[in-house]
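Subject: Structure for you to look at

Hi,

Here is the structure I promised to pass along. Could you open it and have a look before reading my notes?

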Amino acid sequence: MLKEKVEKLAEKVFEENNSLFLISLEVNSANHIKIVLDGDEGVSVNDCITVSRGIEHNLDREEEDFSLEVTSAGVSEPLTMPRQYKKNIGRRLKVKTENEKFEADLVSADDSEIKLSWKAREPKPVGKGKVTVQKEVVLPYADIVEAKVKITF
């Protein structure tokens, strides 16, 4: 019952700030509410405060005691939603499928698939030596086991 209330309150907050979106919402048996959010332009501390207040101020602790944690999706967290892929176009990803692993640039993303591009060294078709070739792959979200943004310094 608490989870449904929190979901409705969170939806209302996200309608008011539509650049933010929900990644996960968990309520455990001790009524600890954990909300992980992301945003099209990232997530600031003020965004977390706004979401926290929008939920906490509309729940009654006298009716049901709870604790609330609102966090942003960390850089080491896997991408789980098409909207996260779209905001990371142009960045390097590590993507695992059932049979393959890719480390490539995210070229495009829509609601059903992503396109990755990378350079590879391959043997020349004729003669000795290797040549650098541009490779691309299109992956439906259903085929992706895990995808993470590769952080470079």
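Below is what turned up in it, going roughly from one end of the chain to the other.

First off, keep in mind that this is a predicted model.

At the start, helix 1 covers residues 2–16, and E11 sits in it. E11 also belongs to a patch of negative charge on the surface, together with E4, E7, E15 and E16.

Next comes N31, in the loop that links strand 1 (20–27) to strand 2. The backbone there may catch your eye: N31 is not a glycine, yet its phi is positive, near 60°. For context, most residues other than glycine have a negative phi. As for the surroundings of N31, its relative accessibility is 16%, so it counts as buried, the cut-off being under 20%.

Strand 2 itself runs over residues 32–39, and I35 is part of it. Is I35 buried or exposed? With a relative accessible area of 0%, I35 is buried. If you want a pair to click on for scale, try I35 and V131: their C-alpha atoms are 48 Å apart in space, and 96 residues separate them in sequence.

Further along, an unreviewed UniProt entry puts "domain: Ribosome maturation factor RimP C-terminal" at residues 79–153. In the model, that stretch comes out as 57% strand and 8% helix. The C-alpha atoms at the two ends of 79–153 lie 20 Å from each other.

That's it from me, shout if anything is unclear.

Cheers

Note on methods. Residues are numbered from 1 along each chain as its sequence is written. This is a predicted model: local features need pLDDT of at least 70, side-chain atom pairs count only at pLDDT 80 or more; totals for chains, interfaces and linings use all residues. Side-chain values use heavy atoms; hydrogens and water are left out. UniProt positions are given in the numbering used here, feature names are shortened, and annotations may be inferred rather than shown by experiment. Helices (H or I, at least four residues) and strands (E, at least two) are DSSP runs, numbered from the N terminus. Patches are made of residues with over 30% relative accessible area and no salt bridge: like charges are joined within 9 Å, nonpolar side chains (Val, Leu, Ile, Met, Phe, Trp, Tyr) within 5 Å. Accessible areas come from the Shrake-Rupley method with a 1.4 Å probe; for residues, only the protein chains shown count as cover. A salt bridge is a side-chain nitrogen of Lys or Arg within 4 Å of a carboxyl oxygen of Asp or Glu. Lys and Arg count as positive and Asp and Glu as negative; His and the chain ends are not counted. The place of a charge is taken as NZ of Lys, CZ of Arg, CG of Asp or CD of Glu. Buried means under 20% relative accessible area, exposed over 50%, partly exposed in between (1.4 Å probe, protein chains only).
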